[in-house]
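Let's take a walk through this model, one helix and one ligand at a time. Have the sequence and the 3D view ready.

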Amino acid sequence: MVKFRKIGVLTSGGDAPGMNAVVRAVTRSALAKNIEVVGIMGGYSGLINEKIVPLTARSVSNVITQGGTFLYSDRCLEFKTEEGMAKAIATLKKYEIDAVVVCGGDGTFRGATDLALHGIPTIGVTGTIDNDITASDYTIGFDTAMNTVIDVVDRLRDTCESHARCNVVEVMGRDCGDIALMTGIATGAVAVCIPEIPFDEELVIEKIKKAALSGKRGMVVTVSEGVFVDDGNGKQIPYGEVLAKAIDDKTGVETKFARLAHIVRGGSPTLRDRLTATRMGAKAVDLLLEGKSNLVVIEKEDKLDSIDIVFALTLDRMYKGKLKDGDLDKFSAEDVAKMEALCQERRDKLKVLYDLAYQVSQ
Ligand code: ADP
């Protein structure tokens with residue numbers, strides 16, 4: 001077992017309910033092993049600006065119930081520069097921080113791998129509502145965000161039912177359609193629209209006409225914020241609002257548009273997120289003590305595991321069709337085949353759910 005005197009923990013990128021539970025778990029797991037813990041405030045900017053606070057068992061009391069992140073988050077561009085990294089390393093040395101746990105999304109992991117390459121043992125924990133870390137079946141905050149969506153959409157459904165109306169609801173998720181798809185199923189949406197699978201607008205219009213004729217009153221369509229359409233002048237604009245207008249124009253069903261935006265990010269984490277955050281936070285400390293670095297904690301088939309961060313980031317780019325020249329050069333043929341299989345597995349799972357969404361929405 002590796003000996004550390006002090007570790008740092010930070011939250012970065014888009015906040016997610018459950019980040020506080022990660023910080024609590026890291027803090028208390030480390031303290032239980034006689035390791036001091038400090039919080040790095042405001043993501044990577046805290047390393048650049050020396051915003052370091054000691055964390056005790058009491059400083060993380062009662063945070064497990066709270067959304068957001070009490071360590072605050074920031075998008076810190078300076079950290080991406082050589083000078084920024086040099087300042088961050090100097091802060092870690094000055095405060096005698098031996099290792100770091102970072103909680104965030106793919107951008108945060110790019111920062112983590114930079115720290116690891118500079119010799120700082122670093123472990124990532126997936127904290128993002130989007131569920132867009134391809135290597136992991138689950139990311140912290142996803143369940144809470146989806147429960148918030150279904151709470152709001154159920155309310156919209158009530159009023160749609162009263163007025164025989166349709167509501168197109170745009171939800172977060174960036175390039176990942178998981179929130180729109182799963183909440184679409186859970187709210188009985190008449191259609192879902194996600195970036196990963198082509199959307200048949202005409203089919204949906206016909207479906208809505210037919211449903212209205214058969215006496216269906218309230219209707220909801222969930223659309224992921226990551227779906228865009230050309231506005232006719234070469235500019236890409238979010239599709240949700242455009243779809244709402246098309247349904248309104250072509251079906252005779254009055255249709256409104258709602259963008260849930262950041263509402264979905266806040267709120268007290270669900271049991272699923274509190275539990276996963278606690279398990280992943282503790283696992284991150286265990287990995288550091290085993291002498292590991294440059295890994296991200298993931299969940300696969302209901303079990304916690306860990307995976308090389310660079311592998312995870314490359315896998316993400318492969319899944320999203322964003323591989324850059326040379327990305328795969330550092331991987332063996334076996335690793336590339338593994339990535340391709342993981343992408344296919346994820347696509348297959350998504351397709352099964354997508355087909356189910358359409359099958360049960362009539
Ligand atoms: P998320 O972690 O939710 O994907 P961002 O993409 O905003 O959020 O990334 C969070 C932070 O991680 C950034 O503000 C920056 O400080 C750091 N970061 C992002 N990309 C890189 C990179 N290529 N190299 C180093 N640090 C990065």
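Asp308 caps the N-terminal end of α10, with a side-chain oxygen 3.1 Å from the backbone nitrogen of Val310. Helices here are DSSP runs of H or I with at least four residues, strands are E runs of at least two, and both are numbered from the N terminus. Just past the helix comes Gly321, whose phi is positive, near 65°.

A word on ground rules: this is a predicted model, where local features need pLDDT of at least 70, side-chain atom pairs count only at pLDDT 80 or more, and totals for chains, interfaces and linings use all residues. Residues are numbered from 1 along each chain as its sequence is written, and side-chain values use heavy atoms, leaving out hydrogens and water.

Back to α10, which spans residues 309-319: 10 of its 11 residues are buried, so the helix is largely enclosed by the rest of the structure. (Buried means under 20% relative accessible area, with a 1.4 Å probe and protein chains only.) Among the buried ones are Phe311, Leu315 and Tyr319. The buried residues pack against α4 (106-117), β5 (122-126), β12 (295-300), β13 (303-308) and α11 (333-359), where contact means heavy atoms within 4.5 Å.

Now for the ligand. It's surrounded by 17 residues, and the closest are Arg75, Cys76, Gly105, Asp106 and Thr108; to count, a residue needs a heavy atom within 4 Å of the ligand. One ligand oxygen is 2.6 Å from a polar backbone atom of Cys76. A backbone N or O atom of Gly105 lies 2.9 Å from a ligand oxygen, and for Gly107 that distance is 3.0 Å.

How values were computed. Buried < 20%, exposed > 50% of the residue type's maximum accessible area, 1.4 Å probe, protein only. Polar contact = N/O pair within 3.5 Å; in protein donor to acceptor, adjacent residues only side chain to side chain.
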